[in-house]
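Hi,

Here is the structure I said I would pass on. Have a look at it first, and then read on for what turned up.

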Amino acid sequence: MAHEMQTAVSSPVTDHVHFQTVEGEIREPEHIPHHKENFVTKYIFSQDHKTIGKQFLFTGMFWAFVGGLLSLIFRLQLGYPGQSFPILETLFGKWAAGGIITPEFYYKLVTMHGTLLVFFVLTAGLSGTFANLLIPLQCGARDMASPFLNMLSYWFFFAASVVMLISFFIPDGAADGGWTFYPPLNGLREASIGSRAGADYWLIGMALFIISSLLGGLNYITTVLNLRTKGMSMNRLPLTVWALLITAILGLISFPVLLGAAILVLFDRNLGTSFFLDEIFIGGRHLDQMGGNAILYQHLFWFLGHPEVYIIILPAFGLVSEIIANNARKPIFGYRAMVLSMLAIAILAFVVWAHHMFVTGLNPFVASVFVFLTLLVAVPSAVKVFNWLATLWQGNIRFTPAMLFAIGFVSLFISGGLTGIFLGNSALDIPLHDTYFVVAHFHIVMGVSAFFGMVAGVYHWFPKMFGRYMNHTLGYVHFWITLVGAYLVFWPMHYMGLIGLPRRVWSLDAYQNFSMYGDMNRFMTDAAMLVFFAQILFILNFVYSIFWGRKVTVKNPWQSNSLEWTTEIVPGHGNWKGPIPTVYRWPYDYSKNGDDFIPQTEPYRPGEEKLHH
Amino acid sequence: MTESSLTMSVKPNVWQGGFSPFRISWGKLMMWYFLVGDSFSFGAFLITYGALRFSYESWPLPTEVFKSFPFLENVEVPLGFVSFMTFTLIMSSVTMVLAVHYGNAERNRYKVAKWLAWTIVGGLIFLSSQAWEWTHLITHGMTMKHNPFGAPAFGWLFFTITGFHGFHVFTGVIINIIILINVLRGVYDRRGSYEMVEKVGLYWHFVDLVWVFVFMAFYLL
């Protein structure tokens, strides 16, 4: 092309694979530097984006297991209040004296369940895994822009994980003030047992986590913008890459605010400042720390916290869009609308945070503005749902486990999204806010559905990661138990919440009028155990398949159009053996002109209709 | 039509792939985005400052708090010392501009090193001045908990926010020193590009720019 002629040939940068001329063109050096790799550089301190993605996945799965287990322990208390489980005392000692978990332990469990699932599983485990695996492969890049920072991103996450893990084993135990970490409960060492050392561990762990997330996000954004292969224009990007790009932008803007808030809480706790503390009495004694504002923390927190829920759900959007189009053998319906709706959600993410704060005494007029903006989110969300349904419509559907989980995602997203319309209204939110209705809403719309997106992604890209298939039969069993079980756990919570069952309560025995839900609670606990059992099945399937699964024998097992399937079955560092392929079309040319699929690397044929979007 | 003629028919477009759409390297792009993120951390702190300040009925007068000058006992110079600090920091940005310029335009190792060294000196003067100012205020009773000049929030906000900024200056100086060593060792001559100096220059200017807001919040308003 003309550009190449004009570009002055400069001396190549020696320490990096990617090189750009001053004019902006991406050049590759004549031959890619071949690193001699030993065990440590290949599997531990690896700079290969694919290995880093797997590291995020393994760590995320570890935390998903731990976080899920924590929820089972507190579900036991909710489903079987007053019943003694001697095993708990054996395992947890004083925290479950007599086989019944203490209220303090209950709050630790809930706090760490939320923290681990929201941040360590559905943020790092989800976008860490798939942004690393898919962005370079689907954009057509040899690696991330900075493989070194990418490696650091994982190891900061690892350090954060270690700090969080240690906090379980210190004498006073982990933090217990809720995953939102509101002061003054978390701003004072005297406020609760978990607010002693555990809360400091939590804050330091989160600070490390934020650094990890920023290092990763910077890489994702620059890689997508700068390192796309020839022909990979922005409107030919797979929707996964769009979703992960927008996720990274959200994280880049919102996480630094949480970092600021975490530093201030740390100062309040340890240096005697009072950013978030005012007029507090403990044991009848008036504290010296005065002059702060606890609500201010909530503003800072939710300025991150609300974009955070989209950081969780957007990657799932992307994965699901890709899997649905591929397995329905149809072009994604409304590609441009899909991208625009994700952008709209990203923009709205920053102007709706106060809908988490309707019960703080927010000025009703301000609340009405946030209600309006919040309800606007329903528009792009509905666009996406209808586009998925329209893509499925009259598709030639292959029900792979990945596809089932993707369809399950759409189902859950609709169910959970509808209750969002309730809670977005301040007049309805005020009575519902402290009830199980909210628990039901965010678990279905964000927790379980993002988890479905993640699992769908694991089933779909497992052949790319390990060169083997996961067992499909186990996958179907996993899917049906999880889908039905998740609904059985969370659906009844809506009704409980509507009559006012309060959340964050250790034992509901104290409330006579809620005793009617004793049986239902027991049923939900049993369902939760069943769902957890199905996840163990998944982990066994995952581990077994890595070593002994059916081998992939073709490059493109799902007959997919995107670039990751043009590499070797298990690509080495650098992804493509020869030159990076050039892209000529969008990734959703399925069932076009009698062809089942046309990869992005195929040039347009003579007379072929150009774009569908 | 052949395949190649179809390829050629794609209009050259910076967003077409194989090209940096903003015509800058990923490294510089990454620095810019990092600064966007960092500005949100400072934003969180300055919003905290604003929210707390407006909840107080009275606020210390900057001209009363900041009126001492090192080595000048019994002389009141309201805002004198901070003006010196601000001037130093802004001048260090000017020297940084020169370092970047001689790197990009002339690839002149010694001129780059000279101006980078002056930038480091400026940063060190700023940090030592801040250390003096902090020590002075602490000895006069202003701490993270107390403030003899009025609202205690002024004290803890001051130390936290100027501390966070000072930490940025400190890391900036460290990074500048590393880059200076690389310049002197001829790393960028061998690489054929002084872009690394430009990237740390971006960071340095950002730290400077943030100081303007911090300065305004504590010393002017």
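Which helices of chain B do the buried residues of α5(B) pack against? Before I get to that, one caution: this is a predicted model. The partners turn out to be α4 (80–106), α6 (152–184) and α8 (195–220) of chain B. As for who does the packing, the buried residues of α5(B) are B:Val112, B:Ala113, B:Trp115, B:Leu116, B:Thr119, B:Ile120, B:Gly122, B:Gly123, B:Phe126 and B:Leu137. If you look down that list, one general point helps: an α-helix has 3.6 residues a turn, so residues three or four places apart point the same way.

The length of α5(B) checks out too. This helix covers residues 109–139 of chain B, and its 31 residues should span 45 Å at 1.5 Å a residue; the end C-alpha atoms are 45 Å apart, so the two agree. After α5(B) comes B:Gly141, which has a positive phi, near 100°.

Now chain B as a whole. It has 8 helices and 0 strands, so you can read the pattern along the sequence as α-α-α-α-α-α-α-α. The radius of gyration of chain B is 23 Å, while the globule rule gives 17 Å for 221 residues, so chain B is more spread out than a compact globule. Its C-alpha atoms fill a box of roughly 85 × 40 × 20 Å along the principal axes. Of the 221 residues in chain B, 36% count as buried. Take the contacts in chain B between residues at least 6 apart in sequence: 71% of them join residues at least 24 apart.

Next, where the two chains meet. The contact takes 50 residues from chain A and 41 residues from chain B. On the chain A side, α1 (2–6), α7 (197–226), α8 (239–270) and α9 (294–328) each supply at least two residues. The most comes from α8(A), with 9 residues. Sorted by class, the side of chain A that touches chain B has 28 nonpolar, 18 polar and 4 charged residues.

One of those helices, α7(A), is worth a closer look. It is mostly covered, with 25 of its 30 residues buried. From its first C-alpha to its last, α7(A) reaches 44 Å, close to the 44 Å expected at 1.5 Å a residue.

Finally, two single residues in chain A. A:Val583 sits in the loop between α17 (518–548) and β5 (590–592) of chain A. Is A:Val583 buried or exposed? It counts as buried, because it has 28 C-beta neighbours inside 10 Å, and the cut-off for buried is 20 or more. Leaving aside neighbours within four places in sequence, A:Val583 is in contact with residues including A:Gly140, A:Thr229, A:Met232, A:Gln600 and, from chain B, B:Gly17. Its C-alpha is separated by 35 Å from that of A:Phe120, 463 residues apart along the chain.

A:Phe120 comes up again with the other residue, A:Ser161. Not counting residues up to four places away in sequence, A:Ser161 touches A:Thr59, A:Trp63 and A:Phe120. A:Ser161 lies in helix α6 (residues 147–167) of chain A and is buried, with 22 other C-beta atoms within 10 Å. Between the C-alpha atoms of A:Ser161 and A:Ala378, 217 residues apart along the chain, the separation is 35 Å.

Over to you!

Technical notes:
Residues are numbered from 1 along each chain as its sequence is written. Chains are lettered from A and ligands numbered from 1 in the order in which they are written. This is a predicted model: local features need pLDDT of at least 70, side-chain atom pairs count only at pLDDT 80 or more; totals for chains, interfaces and linings use all residues. Helices (H or I, at least four residues) and strands (E, at least two) are DSSP runs, numbered from the N terminus. A residue is buried if 20 or more other C-beta atoms lie within 10 Å of its own, exposed if 12 or fewer, and partly exposed in between; C-beta atoms are placed from the backbone. Two residues are in contact if their C-beta atoms, placed from the backbone, lie within 7 Å. Ala, Val, Leu, Ile, Met, Phe, Trp, Tyr, Cys and Pro count as nonpolar, Asp, Glu, Lys and Arg as charged, and the others, Gly among them, as polar. The radius of gyration is taken over C-alpha atoms; the globule rule is 2.2 Å times the number of residues to the power 0.38. The expected span of a helix is 1.5 Å times one less than its number of residues.
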